[in-house]
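The following paragraphs lead through the side-chain contacts of a predicted model, taking a charge over a ring, then an aromatic pair, and then the salt bridges.

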Amino acid sequence: MAVNTITIGAGSLTIGAAAALVNFSSQVTACRLVPSVDQGDNIATLSGESVAGDRTESFTLEGTLLQDFGTAAGTTEKLFTMRGQTHVFEFIPNTVKAKKITGSLVVEAIEIGGDVNTKPTSDFSFVLVGAPTFV
């Protein structure tokens with residue numbers, strides 16, 4: 001089998017419905033969909049049999065943004081305003097491949113500030129509501 005790979009970018013990340021869409025693409029330096037699976041312990045019974053533990057699955061959208069605090073229509077302040085709210089999102093890792101990851105997520109505020117004489121970045125982690133869809 002041949003080796004297949006992609007390059008992340010040029011792509012896009014948008015959050016919000018069409019009427020209030022915010023495009024974060026120019027500020028994103030890293031973005032990834034992160035799955036998490038928890039498998040509960042098996043439950044032993046007196047007969048020696050066991051019942052499988054429950055499996056739960058969750059997803060987060062994680063990455064890093066360049067901070068733009070104080071700029072007109074800045075994404076740093078927009079995330080602060082949207083914190084705790086559920087919004088639809090669309091993440092396209094590479095526009096040439098034309099695959100999208102869509103769904104709903106809960107927006108959280110990011111850190112503001114950093115080391116002197118640097119261009120600060122902030123990591124983000126948004127919990128998805130349900131499983132994402134690949135389009």
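A convenient place to begin is F80, where R83 lies over the face of the ring, at 4.0 Å from the ring centre.

From a charge over a ring the view can move to rings that meet one another, of which the model contains one aromatic pair. Its members are F124 and F126, whose centres are 5.0 Å apart and whose planes stand at 25° to each other; because planes under 30 degrees apart count as stacked, this pair is described as stacked. Both partners, F124 as well as F126, are buried.

The charged side chains give a further set of contacts, and here the structure holds two salt bridges. In one of them R55 is joined to E57, with 3.4 Å between the closest N and O atoms. E57 has a relative accessible area of 45% and is therefore partly exposed, since that class lies between the limits of 20% and 50%.

The other salt bridge brings together the side chains of K100 and E90, at 3.3 Å from N to O. K100 is placed in the loop between β7 (86-92) and β8 (101-106), whereas E90 belongs to strand β7 itself, so the contact ties together parts that are 10 residues apart in sequence. As for the surroundings of this bridge, K100 is partly exposed, its relative accessible area being 31%, and E90, with a relative accessibility of 22%, also counts as partly exposed.

Note on methods
Residues numbered from 1 in each chain as written. Predicted model: local features only at pLDDT ≥ 70, side-chain atom pairs only at ≥ 80, totals over all residues. Heavy atoms only, no water. Phe/Tyr/Trp six-rings, centres within 6.5 Å; stacked < 30°, edge-to-face > 60°. Buried < 20%, exposed > 50% of the residue type's maximum accessible area, 1.4 Å probe, protein only. Lys NZ or Arg CZ within 6 Å of the ring centre and 35° of its normal. Salt bridge = Lys/Arg side-chain N within 4 Å of Asp/Glu carboxyl O. Helix = DSSP H or I, 4+ residues; strand = E, 2+ residues; numbered from the N terminus.
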